[in-house]
Amino acid sequence: MIDALLALYVHMPWCVRKCPYCDFNSHQLNSAGPDAAYIEALLRDFDLELPRLAGRRIDSVFFGGGTPSLFQPEDFERLLTALRRSIEFAEDAEITLEANPGTIERGRFAGYRDAGINRVSLGAQTFAPRALEVLGRIHSAEDTHRAVEELRAAQLDNFNLDLMYALPQQTLEEALADVRAACALRPAHISHYQLTLEPGTVFHARPPPLPDEDAAWEMQSACQRLLADAGYAQYEVSAYARSGRRCRHNLNYWRFGDYVGIGAGAHGKLSLALPREILRTVKPKQPRAYQEQVLRAPTAGASTLGTSSVVAESELPFEFMLNALRLNEGFSLRDYRRQTGLEWASIEHKITAAMGRGLLEAWQLEGRPSDPLDSMPIDAPGWKPTDLGRRFLNDLLLSFLA
Ligand SMILES: C[S@@+](CC[C@H](N)C(=O)[O-])C[C@H]1O[C@@H](n2cnc3c(N)ncnc32)[C@H](O)[C@@H]1O
Ligand code: SF4
């Protein structure tokens, strides 16, 4: 039995309209609401995963998209009830739902809460009307305010706001104004993403005028200071939280923990044996193909839905660092050994070289910040990116390539 946290990611692939910058597996909905049969497909997908999950329990669930808030509270009630029947959940499991402010009707969040959702991530993006329009968003800043009122009315205080910066023609002052507007809503958590041009998107084909890299870094640094002053400590490249409110689900990813992925295009990562054998899974991407294939998949043995591959041992150090070095606190040798099954010798010379370049530093005696919600013990020795390492994270990561 593998004694480690287990997260469940559930992908819900539809949106009202496709945003021009977004390369997520999301598809414009051509009907009034998504197909309720998708919920059945998800449950079947999870049943197919069960043989790999013997003896394990779910510590967090994340309904991501797409726009999960296009589904009704009853859909989540049905899903969560059936999932709880199939596998044990931690008593305090964090259960997050992603929501678009343009899809929130009155009373909707209370319904989600009653279904078992205890954390919400709201896609605010910006509060500037012109920027919302350029980004092709289906909502106004007032809709975001109303959605937050709904969250409060439903006592869902543990919510995140997604913001993006370095938007087309955005000035530093405008980026700061967005952060101020977000902080004024007193969320528990803020995700602050630099807008990137992703291949296959409208913005990639016809790039809008974006601030250059230096201007974007200046925005990031100034916003980070403003967030810190407002009580939101940065703990990952794009994640800021009030005390005790870090996202447990995402922390598990960044610590190279295990997760099951169900739904169209969902990725999963599971440790199958000790010493570590790590399996990566990817489900069929197109919602229709996914739904058809899930019905046809054999029910005996481990899931054959989509594709799966074992990560080569030579790739494990890089895969681990790709996640762990996003965290301000970095990682400990114990985390590394535990999650990869590898020894110190496998990274020693690369760590020494990265320290020599000023990109990585050993923890100081006080260690990483303690957090009552942390489930990993605090221990030394450990390493974290320096300010320079965070500024040039890609260079630091590349130094761990096999
Ligand atoms: C799945 S969406 C969130 C939920 C919902 N679909 C919405 O947009 O309101 C995840 C988040 O990723 C961020 N995102 C998407 N595309 C991005 C891009 N090209 N650059 C930076 N952030 C991006 C946005 O902040 C978005 O809220
Ligand atoms: S950003 Fe959100 S709403 Fe826009 S297309 Fe992507 S997943 Fe859908």
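**Figure 1. Contacts and burial of A266 in the loop between β11 and β12 (267-273).** In this predicted model, A266 touches Y9, H11, G261, T281, V282 and K283, when residues up to four places away in sequence are not counted. The loop that holds A266 runs between β11 and β12, and A266 itself is buried there, with a relative accessible area of 1%, a value that falls under the 20% limit for a buried residue. A separation along the chain can be set beside these contacts: K350 lies 84 residues from A266 in sequence, and the C-alpha atoms of the two are separated by 32 Å.

**Figure 2. The buried and exposed sides of helix α10 (residues 287-296).** Four residues of this helix, P287, Y290, Q291 and V294, are buried. They lie on the same side of α10, because the arc they cover around the axis is only 95°. The exposed residues R288 and R296 are carried by the face of α10 that is turned away from the buried side. Which elements do the buried residues of α10 pack against? Their partners are two strands, β2 (14-15) and β3 (27-28), together with helix α1 (37-49) and strand β11 (258-262).

**Figure 3. The largest cavity and the residues that line it.** The count of cavities of 30 Å³ or more comes to one, and the volume of the largest cavity is about 40 Å³. Its lining is made up of A4, F256, G257, D258, K269, S271, R276 and Q339, residues that divide into two nonpolar, three polar and three charged. Among these lining residues is F256, whose backbone is taken up again in the next view.

**Figure 4. Two residues with positive phi, F256 and A166.** As a general background to this view, most residues other than glycine have a negative phi. F256, although it is not a glycine, has a positive phi of about 60°; the residue is placed in the loop between α9 (248-254) and β11, and at 1% relative accessibility F256 counts as buried. A166 is likewise not a glycine and has a positive phi of about 60°, but the loop in which A166 lies is the one between β7 (159-165) and α6 (172-184). With a relative accessibility of 2%, A166 also counts as buried.

**Figure 5. The cis peptide bond between G65 and G66.** Most peptide bonds are trans. The bond that joins G65 and G66 is cis in this model, with an omega of about 15°. G66 belongs to the loop between β4 (57-65) and α2 (73-86).

**Figure 6. The open sheet formed by β15, β17 and β16.** Three strands make up this open sheet, in the order β15-β17-β16, and their pairing is antiparallel. The edge strands are β15 (331-332) and β16 (360-362), each of which pairs on one side only. How many bridges join β16 to β17 (residues 382-385)? There are three, and the two strands run antiparallel; E361 has K384 of β17 as its bridge partner, while L360 stands opposite P385 in β17. On the other side of the sheet order, β15 is joined to β17 by two bridges, again with the strands running antiparallel, and the bridge partner of F331 in β17 is W383.

**Figure 7. The surroundings of S191 in strand β8 (residues 189-194).** S191 is buried, with a relative accessible area of 7%. Leaving aside the neighbours within four places in sequence, the residues in contact with S191 are N160, L161, D162, L163 and S238.

**Figure 8. A141 in helix α5 (residues 141-153) and its partners.** Is A141 buried or exposed? The residue is buried, with a relative accessible area of 10%. Apart from its neighbours within four places in sequence, A141 is in contact with F127 and L132. P101 is 40 residues away from A141 along the chain, and the C-alpha atoms of this pair are separated by 8.8 Å.

Note on methods:
Residues are numbered from 1 along each chain as its sequence is written. Chains are lettered from A and ligands numbered from 1 in the order in which they are written. This is a predicted model: local features need pLDDT of at least 70, side-chain atom pairs count only at pLDDT 80 or more; totals for chains, interfaces and linings use all residues. Side-chain values use heavy atoms; hydrogens and water are left out. On a 1 Å grid over the protein atoms alone, a cavity is a set of points where a 1.4 Å probe fits but cannot get out, and a pocket is an open set with protein on both sides within 12 Å along at least five of seven lines; lining residues have an atom within 4 Å of a point. Grid points are joined across faces, edges and corners, and a volume is the space filled by probe spheres set on the points. Ala, Val, Leu, Ile, Met, Phe, Trp, Tyr, Cys and Pro count as nonpolar, Asp, Glu, Lys and Arg as charged, and the others, Gly among them, as polar. Buried means under 20% relative accessible area, exposed over 50%, partly exposed in between (1.4 Å probe, protein chains only). The arc is that of the directions from the helix axis to the C-beta atoms. Contact means heavy atoms within 4.5 Å. Two strands pair if DSSP finds at least two bridges between them.
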